[in-house]
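Let's take a look at the empty space inside this protein. Here are the sequence and the model to follow along with.

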Amino acid sequence: MHPWGKWGRRFVTYGTAAARAALADSGLDWTDVGSVVGADTVRCGYPGYVAGATFAQALGWQGARVTSVYAACASGAQAVAVARAQILAGLTDVVLVVGADSAPKGFFAPAGGDRPDDPDWLRFRVLGATNPAYFALAARRRMALYGDTPEDFARVKVKNAAAGALNPLARYRTRVTAEEVAASAVVADPLRLLDICATSDGGAALVLSGMDFARAHGHPDPVRIRAVSTVSPTYPRTVLDLPDIATDSAVAVAPAPYSFRASLARAAYEEAGIGPEDLSLAEVYDLSTALELEWYEDIGLCPPGEGAKLLGEGATALGGRVPVNTSGGLASFGEAVPAQAIAQICELTWQLRGTAGDRQVPGARVGITANQGLFGHGSAVVAVR
């Protein structure tokens with residue numbers, strides 16, 4: 001990875017640095033790579049650059065096939081899915097997966113032009129709903145349904161900041177207290193500034209290969225990708241989920257038994273042949289503190305409505321039963337959209353290798369990542385050792 005921050009450079013700089021670090025870690029040369037899959041850099045929710053070819057050119061054209069993937073916040077995981085498919089199909093032995101971004105300052109805003117058929121454009125122009133606005137709506141829903149409190153949300157930030165303080169790649173490396181969260185400015189009630197992730201610059205990369213190739217090149221016990229889930233939502237969706245600004249009718253078709261986010265994890269568990277009881281750790285998409293509590297339930301760590309209780313028991317902190325966001329999460333990194341699903345897998349890899357330093361989960365063997373992006377994109381990846 002390239003450290004997260006606000007460095008003021010082109011996204012190519014961060015992705016190339018991460019790619020070179022991943023190649024050095026693998027013991028391979030750039031010329032050994034048969035394919036490059038780039039997670040597209042985005043500008044305000046829309047594709048910005050053709051990442052696969054951009055990184056291949058920056059590293060030096062050498063004939064590798066290139067692919068570019070856009071799936072909003074799940075772009076990195078979809079890039080991994082493409083890379084894995086190429087390896088399993090016998091098209092190549094080694095794939096470099098790269099994602100990076102130079103994010104704009106402040107909230108993500110809509111791209112220019114009039115697009116009245118675009119729900120993302122409509123939620124900005126008609127509702128005035130920036131990302132923190134719909135984070136706050138989800139937080140209010142948890143408060144109404146389950147009795148969660150702003151104090152519960154603040155404890156998520158405290159936990160993640162403590163982990164991020166131990167991560168040299170994180171942008172924010174300062175521990176915070178619940179009192180400091182409560183004293184930070186209100187952005188979208190009930191969420192305060194320290195409840196919400198920033199927008200950041202950063203990059204992440206992975207070198208993937210088949211098992212036989214890895215073993216033949218000095219990696220007898222590598223971390224393995226056991227599952228990649230990129231399933232889509234199902235109709236009807238009866239809970240408002242911006243940027244969509246209406247729900248679907250359930251008159252003719254009953255709602256699915258699981259939410260979209262829960263279905264992402266369930267598909268990954270099914271493919272991997274494991275369950276949430278097998279997890280050593282998880283990396284989830286904490287766009288807001290309240291959303292992390294929702295992910296506990298979506299990935300099956302506890303029943304619906306019991307996320308705050310699980311947090312209060314210390315189960316998801318470093319040293320707990322199933323630590324969540326040992327990297328520090330987006331609370332400590334911020335959003336570098338095409339890199340973040342890849343960065344989650346980097347953290348699982350270091351944890352499963354036992355090289356995560358002061359934030360190491362003892363005996364880690366199985367981890368899951370989870371995120372959700374715009375337009376029905378999302379992902380869950382299971383890694384094992």
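## How the space is found

A cavity here is a set of points on a 1 Å grid over the protein atoms alone where a 1.4 Å probe fits but cannot get out. A pocket is an open set with protein on both sides within 12 Å along at least five of seven lines, and lining residues have an atom within 4 Å of a point. Points join across faces, edges and corners, and a volume is the space filled by probe spheres set on them.

This is a predicted model, where local features need pLDDT of at least 70 and side-chain atom pairs count only at pLDDT 80 or more, while totals for chains, interfaces and linings use all residues. Residues are numbered from 1 along each chain as its sequence is written, and side-chain values use heavy atoms, leaving out hydrogens and water.

## The largest cavity

The structure has two cavities of 30 Å³ or more. The largest cavity holds about 160 Å³. It's lined by 19 residues, with Glu283, Ser327, Phe333, Ala343 and Gln344 closest to its centre. Helix H13 chips in the most, with five lining residues (helices, H or I, of at least four residues and strands, E, of at least two are DSSP runs numbered from the N terminus).

## The second largest cavity

This one has a volume of about 40 Å³. Its lining includes Leu194, Cys197, Asp286 and Ala331.

## The second largest pocket

Here the volume is about 910 Å³. Of the 36 residues lining this pocket, Val207, Leu208, Ser209, Pro222 and Val223 lie nearest its centre.
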